Amino acid sequence: MTEVHKALWALTSIWAIFWAGPALAQSANLDPAGSGVILGAVNWVQGTLLGAVATAVAVIAVAGCGFMMLTGRMNWRHGGMVILGCFILFGSAAIVGGIRSAAQGF
């Protein structure tokens with residue numbers, strides 16, 4: 001084999017590795033039979049935690065912490081934790097979506 005053939009073989013192998021897709025031979029059903037009621041309850045909890053009421057409560061919490069931090073009655077670290085908690089709460093769907101897409105890559 002010449003050097004050109006070795007290089008072409010290596011490039012073809014690398015191309016095949018990166019362009020290979022999953023073998024869609026099986027269909028996975030993520031929701032087991034009979035989970036409709038439980039799934040409905042969990043969706044209700046998610047809607048409650050991420051809905052309009054939760055948004056209003058988070059706005060009031062951040063505003064209250066901000067006012068207390070400005071007047072010197074709250075430690076900046078505790079105020080930052082409240083704001084970080086709001087980011088995690090409302091960004092949880094994006095965080096879980098990223099984890100799921102990363103896990104499906106393996």
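Visitor: Which helix gives the largest share of the nonpolar patch?
Guide: In this predicted model, the largest share comes from H2, which supplies 3 residues of the nonpolar patch.

Visitor: And which residues form that patch on the surface?
Guide: The nonpolar patch is formed by Trp44, Val45, Leu49, Leu89 and Phe90, and together these residues have about 480 Å² of accessible area. Helix H2, which covers residues 36–50, and helix H4, which covers 76–90, each contribute at least two residues to the patch.

Visitor: Where is Trp44, and is it buried or exposed?
Guide: Trp44 has its place in helix H2, and because its relative accessibility is 60%, Trp44 counts as exposed.

Visitor: Okay, stepping back, how many helices and strands does the chain have?
Guide: The secondary structure comes to 5 helices and 0 strands, so if you follow the elements from the N terminus on, you read α-α-α-α-α.

Visitor: What percentage of the residues count as buried?
Guide: Of the 106 residues in the chain, 8% count as buried. The accessible surface of the chain comes to about 9,100 Å², and carbon and sulfur atoms account for 74% of that surface.

Visitor: Changing topic, how many disulfides are there?
Guide: The count comes to 0 disulfides. Cys65 is in no disulfide, and the nearest cysteine sulfur to it, that of Cys86, is 8.1 Å away. Cys86 is likewise in no disulfide, with the sulfur of Cys65 as its nearest cysteine sulfur.

Visitor: Why does 8.1 Å rule the pair out?
Guide: A disulfide is a covalent bond between the sulfur atoms of two cysteines. The sulfur atoms have to lie within 2.5 Å to be counted as a disulfide, and the sulfur atoms of Cys65 and Cys86 are 8.1 Å apart, so this pair is not counted.

Visitor: Are those two cysteines buried or exposed?
Guide: Cys65 counts as buried, at 10% relative accessibility, and Cys86 is buried too, with a relative accessible area of 17%. The cut-off behind the word buried is a relative accessible area under 20%.

Visitor: One more, where is Met68?
Guide: Met68 has its place in helix H3, which covers residues 52–70, and with a relative accessible area of 31% Met68 is partly exposed.

Visitor: What is Met68 in contact with, leaving aside its neighbours within four places in sequence?
Guide: With those neighbours left aside, Met68 is in contact with Arg73 and Met74. If you would like another residue to find in the structure, Gly79 is 11 residues from Met68 in sequence, and the two are 8.6 Å apart in space, C-alpha to C-alpha.

Definitions and conventions. Residues numbered from 1 in each chain as written. Predicted model: local features only at pLDDT ≥ 70, side-chain atom pairs only at ≥ 80, totals over all residues. Heavy atoms only, no water. Helix = DSSP H or I, 4+ residues; strand = E, 2+ residues; numbered from the N terminus. Buried < 20%, exposed > 50% of the residue type's maximum accessible area, 1.4 Å probe, protein only. Areas by Shrake-Rupley, 256 points an atom, 1.4 Å probe, with all protein chains shown as cover. Patch = residues over 30% accessible without salt bridge, like charges linked within 9 Å, V, L, I, M, F, W, Y side chains within 5 Å. Salt bridge = Lys/Arg side-chain N within 4 Å of Asp/Glu carboxyl O. Contact = heavy atoms within 4.5 Å.
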